[in-house]
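Dear colleague,

I am passing on the structure we spoke about, and you will find it just below. My notes on what was found in it follow, and I would be glad if you could read them with the coordinates open.

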Amino acid sequence: MKILLSAYACEPNKGSEPAVGWNWALEVARLGHRVWVLTRANNQSSIESMKLSSPEKNNLQFLYYDLPRWANWWKKGHKGVHLYYFLWQLGAYRYVNKIHKKVAFHIVHHVTFASIRQPSFMGNLGVPFIFGPAGGGERTPWLLRYSYGIKGRINDLIRDIANFMIKVDPFMWKTFYQADRIYVTSDQTMALLPKRFRIKAIVRLAVGTERPKNLIARRKKLPIRILYVGRFLYWKGMQIGIYSFAKLLESVPDSFLTLVGEGPEKEKWKILAITLGIEKKIDWVPWIEHGELQNIYRQNNIFLFPSLHDSGGQVVLEAMANGLPVVCFDAGGPGKIVNKTCGLKVPVHGIKAEQIIDLFAKALIKIAKDRSLLSRLSSGALGRVKDFTWASTIKEIYGNKRIESYNIHS
């Protein structure tokens with residue numbers, strides 16, 4: 001089968017969306033399909049160097065497309081990034097349509113970025129078209145938005161309006177109409193689809209991880225070390241996490257928190273830590289190489305991820321693959337990944353922001369003060385993550401039975 005993957009984000013040894021693009025390409029190739037990956041030219045050097053050592057290299061080809069340099073200013077400060085991405089999708093279709101006339105792809109699949117608010121033009125190629133897994137429909141309840149601050153509440157309101165407009169957006173309607181199969185990351189995102197298109201939609205996560213290798217549960221004698229990995233954004237919820245960690249210190253004073261990442265909320269979170277008098281208990285680590293991050297996972301024993309509307313949860317799976325139990329909201333991708341065998345989930349609906357802090361603190365305290373529970377959840381994380389390997393995730397869409405269900409034009 002000749003398959004074209006549209007993967008704007010695709011890069012080896014990265015997390016988040018670039019990891020999705022790269023690993024979907026590898027796994028589809030491993031299933032024996034011939035894969036062409038359409039991505040951005042700035043990914044080329046890392047892709048080509050890694051491809052040379054990949055056993056799947058004979059089944060993989062990469063196509064590189066970028067907008068003219070003058071368009072780059074739209075991405076600066078993320079002011080016009082959505083317009084840039086829209087134009088990239090349009091230009092990418094025109095670019096690859098010429099190649100399609102020579103190669104004759106059997107299937108085209110829009111993988112990254114797959115957002116329920118961003119259209120794809122790949123359905124115009126006239127072959128079976130897969131869209132997603134697309135996220136973006138996850139929504140923070142109103143009561144919890146008070147933890148955001150005014151700017152965050154305004155941004156989430158704008159996001160709500162954008163989601164509402166999906167049902168009248170002609171570009172999204174055409175994307176949904178042309179898609180033979182639509183994959184969405186959550187029931188909330190499914191609800192945003194116009195009703196007529198839900199019959200061809202399935203809920204599937206886009207993220208995955210490698211199968212854990214030779215790892216054991218967290219050792220009981222280690223001090224309690226809590227880890228957060230991700231962007232420092234208001235909706236990632238670490239303002240709630242820092243308050244909850246302060247309450248944990250009242251019960252388990254030798255605990256420590258590490259935050260890995262960067263973002264606009266960093267100074268606010270640092271000021272909050274200073275105000276609470278816990279700044280000496282927090283280590284701030286800037287973005288590091290993916291290999292180094294694996295070492296940090298192994299130096300900690302609880303993963304705290306209070307994200308309020310995360311479609312995926314790549315870092316959650318990576319933490320679990322390193323034996324870390326997870327404390328998160330019962331929402332979005334993390335809410336689907338984590339169960340009682342591998343972590344504790346905090347409810348989101350009908351709960352006030354001040355209650356949420358107490359609930360997260362109680363969850364952290366429960367694990368931190370019960371080392372046998374920590375050990376069981378750590379072992380459970382290693383077991384649970386096996387259900388979310390890249391191989392199992394991609395096989396659900398590209399296994400033989402699924403491929404046969406598409407109306408392939410020979």
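The sheet in this predicted model is an open one built from 7 strands, which run in the order S3-S2-S1-S4-S5-S6-S7 and pair in the parallel sense. Its edges are formed by strand S3 (60–64) and strand S7 (201–203), and because each of these has a single partner strand, one side of each is left without a neighbour in the sheet. Going from one strand to the next, the twist averages 20°.

Two of the pairings can be followed down to individual residues. Strand S5 (residues 129–134) is joined to strand S6 (residues 181–184) over 3 bridges, in the parallel sense, and within this pairing Ile-130 has Arg-181 of S6 as its bridge partner.

Two helices that pack on the sheet deserve a look at this point. Helix H1 (residues 16–30) touches strand S1 (2–7), strand S2 (34–39), S3, strand S4 (107–112) and S5, and its direction makes about 150° with that of S4. Helix H3 (residues 81–103) also packs on the sheet, where it touches S1, S2, S3 and S4, with its direction at about 145° to that of S2.

The other pairing is that of S2 and S3, which is likewise parallel and extends over 5 bridges; here Thr-39 has Tyr-64 in S3 as its bridge partner. Although S3 stands at an edge of the sheet, 4 of its 5 residues are buried, so the strand is largely enclosed by the rest of the structure.

Away from the sheet, there is a nonpolar patch on the surface that you may want to display, formed by Trp-142, Leu-157, Ile-161, Phe-164, Met-165 and Val-168, which together have about 650 Å² of accessible area. One of these residues, Leu-157, lies in helix H4 (residues 150–164), and because its relative accessibility is 40%, which falls between the cut-offs of 20% for buried and 50% for exposed, Leu-157 counts as partly exposed.

Finally, is Gln-294 buried or exposed? This residue is placed in helix H9 (residues 290–298), and its relative accessibility of 17% is under the 20% limit, so Gln-294 counts as buried. If residues up to four places away in sequence are set aside, Gln-294 touches Glu-318 and Asn-322.

With best regards

Notes:
Residues numbered from 1 in each chain as written. Predicted model: local features only at pLDDT ≥ 70, side-chain atom pairs only at ≥ 80, totals over all residues. Heavy atoms only, no water. Patch = residues over 30% accessible without salt bridge, like charges linked within 9 Å, V, L, I, M, F, W, Y side chains within 5 Å. Areas by Shrake-Rupley, 256 points an atom, 1.4 Å probe, with all protein chains shown as cover. Salt bridge = Lys/Arg side-chain N within 4 Å of Asp/Glu carboxyl O. Buried < 20%, exposed > 50% of the residue type's maximum accessible area, 1.4 Å probe, protein only. Pairing = 2+ DSSP bridges. Axes fitted to C-alpha atoms, helices over the stretch in contact; angles between N-to-C directions. Contact = heavy atoms within 4.5 Å.
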